Amino acid sequence: MPDALSARRLSRRGLLAAGGAATLATLLAACGNGDTPKPAASNGGGPWSFTDDRGTKVESAARPTRVVAFTGVAAALIDFGLDKQLVGVFGETKRADGTADPQAGDLNIEGVEILGNVWGEFSLEKYAALRPELLVTHMYDPDALWYVPDESKAKILPLAPSVAITTARVPMTKPIERYAALAESLGADLSAKKVTDGKARFDAAAEAVRQAVKANPGIKVMACSGSPDLFYVSNPKVSTDLMYFAELGVDIVVPTKLEAGDYFEALSWESAGKFPADLILLDNRATALQAKDLTAKPTWQQLPAVKANQVTPWDAVPRFSYAGSAPLLENLATAIRNAKKVS
């Protein structure tokens, strides 16, 4: 789920292609490298194609073997069985202490080129040097490529075909299925034990959520994110994970005065108690304030769920694979099962 700043940027539609863009040689010169890189060797697997969620049929003479992806996408593709094909990532990957960001999952962060570690960072020079054959990322709004900077998109996109998968306004299972299909097209074996075990765990976790709701009815859940000045309440009619949680029977707060993009309602901290809730799902990204950071906010401390210690971390940008999303469902089931009605 985009944070406030990201959501505002998402409202600016991304370019699907660089109409009238400079030639490849000019682009590479702009990167500080006037020599055109040699193309990667073909894998000999024959023509490859995949139709993404823009409706764009992406084609190449051979199956791509040099894939660059948003970090969470790379982690999901690894969960589905890809490995050496992933040569570069962009987005939060490495924390300040050098350890992997949770979003990276099982990605070997020392074995890939990190093109950028925060929103707005994407090294065009490093990207060109990787000789990319495919770029993959989320698409929260039509044509907006997640973490591909608008200001350099016209130089980035001509260097390799791109695939965008819708990650908003559809239940979480949809992007999971789409990334599985992409991984399979790139050579992953979806019948491998690692993949089928992940699917079995996901299905069991989904059922655990259903049973938790039945066993403890009436629990009102609010998904939110905190910043120094504002309190954001997320919309389950747009956020793909919350939409799926609602399908499983979870009663989720629906904000009423939505910002552009409809992702959330932005409340002043004085109004943080607008929506009653028994359980709070709190955005656990590094860009959001965590529970320990919010103790200085009197209105946060007064929320019934906070008083009852019924606050649980929330992965606002899920890893769209069965293995990556199963723990989210397991944690949600536990939180609902243990929650008491306090609002």
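Begin by selecting helix 11, where the buried residues are Tyr322, Gly324, Ser325, Ala326, Leu328, Leu329, Leu332, Ala333, Ala335 and Ile336. Keep in mind throughout the tour that this is a predicted model. Helix 11 runs over residues 322-338, and its 17 residues should span 24 Å at 1.5 Å a residue, which agrees with the 24 Å that separate its end C-alpha atoms. To see what covers the buried residues of this helix, add to the selection helix 3 (71-79), helix 6, helix 7 (193-215), helix 8 (240-247), strand 12 (279-283) and strand 13, which are included in that cover.

Before moving on, colour the whole chain by secondary structure, and eleven helices and 13 strands will appear in the protein. Of its 343 residues, 52% count as buried, and among contacts with a separation of 6 or more, 72% are made by residues 24 or more positions apart.

**The largest pocket**

Return to helix 11, because this helix gives the most to the lining of the largest pocket, with four residues. The pocket has a volume of about 490 Å³, and 23 residues line it. To centre the view, select Asp101, Pro102, Gln103, Asn284 and Asp315, which lie nearest the centre of the pocket. If you then colour the lining by residue character, it divides into twelve nonpolar, five polar and six charged residues.

**The cavity**

Next, select Asp79, Phe80, Lys194, Val195, Gly198, Tyr322 and Ala323, which line the largest cavity. The structure holds one cavity of 30 Å³ or more, and the volume of the largest cavity is about 30 Å³. Helix 7 and helix 11 each supply at least two residues of this lining, and helix 7 gives the most, with three. By character, the residues around the cavity are four nonpolar, one polar and two charged.

**Helix 6**

Helix 6, one of the elements that cover the buried residues of helix 11, is the next selection, at residues 173-185. Its 13 residues should span 18 Å at 1.5 Å a residue, and a distance drawn between its end C-alpha atoms comes to 18 Å, which agrees. Show side chains for Thr173, Pro175, Ile176, Arg178, Tyr179, Ala180, Leu182, Ala183 and Ser185, the buried residues of this helix; Arg178, a charged residue, is among them. Following the chain beyond helix 6 brings you to Gly187, whose phi is positive, near 115°.

**Strand 7 and its partner**

Now select strand 7, residues 162-166, where five of the five residues are buried, so the strand is largely enclosed by the rest of the structure. In a regular strand the side chains alternate between the two faces of the sheet. Here both faces are covered, with Ser162, Ala164 and Thr166 buried on one side and Val163 and Ile165 buried on the other. Add strand 6 (residues 134-139), which pairs with strand 7 in the parallel sense over five bridges. One place to look is Leu135, whose bridge partner in strand 7 is Ser162.

**Three residues in loops**

From strand 6, step back to Arg131, which lies in the loop between helix 4 (124-129) and strand 6. Most residues other than glycine have a negative phi. Arg131, however, is a residue other than glycine with a positive phi, near 55°, and it counts as partly exposed at 29% relative accessibility.

Another positive phi in a residue that is not a glycine, about 60°, is found at Asn309. Select Asn309 in the loop between helix 10 (304-307) and strand 13 (311-314), where it is exposed, with a relative accessible area of 67%.

For the last stop, select Ser227, in the loop between strand 8 (220-226) and strand 9 (230-234). Is Ser227 buried or exposed? At 16% relative accessibility, Ser227 counts as buried, because the cut-off for that class is under 20%. To see which residues surround Ser227, leave aside its neighbours within four places in sequence and show Tyr232, Trp269, Leu289 and Lys297, with which it is in contact.

Technical notes
Residues numbered from 1 in each chain as written. Predicted model: local features only at pLDDT ≥ 70, side-chain atom pairs only at ≥ 80, totals over all residues. Heavy atoms only, no water. Buried < 20%, exposed > 50% of the residue type's maximum accessible area, 1.4 Å probe, protein only. Pairing = 2+ DSSP bridges. Contact = heavy atoms within 4.5 Å. Expected span 1.5 Å × (residues − 1). 1 Å grid on protein atoms, 1.4 Å probe; cavity = no way out; pocket = protein on both sides within 12 Å on 5 of 7 lines; lining within 4 Å. Points joined across faces, edges and corners; volume = space filled by probe spheres on them.
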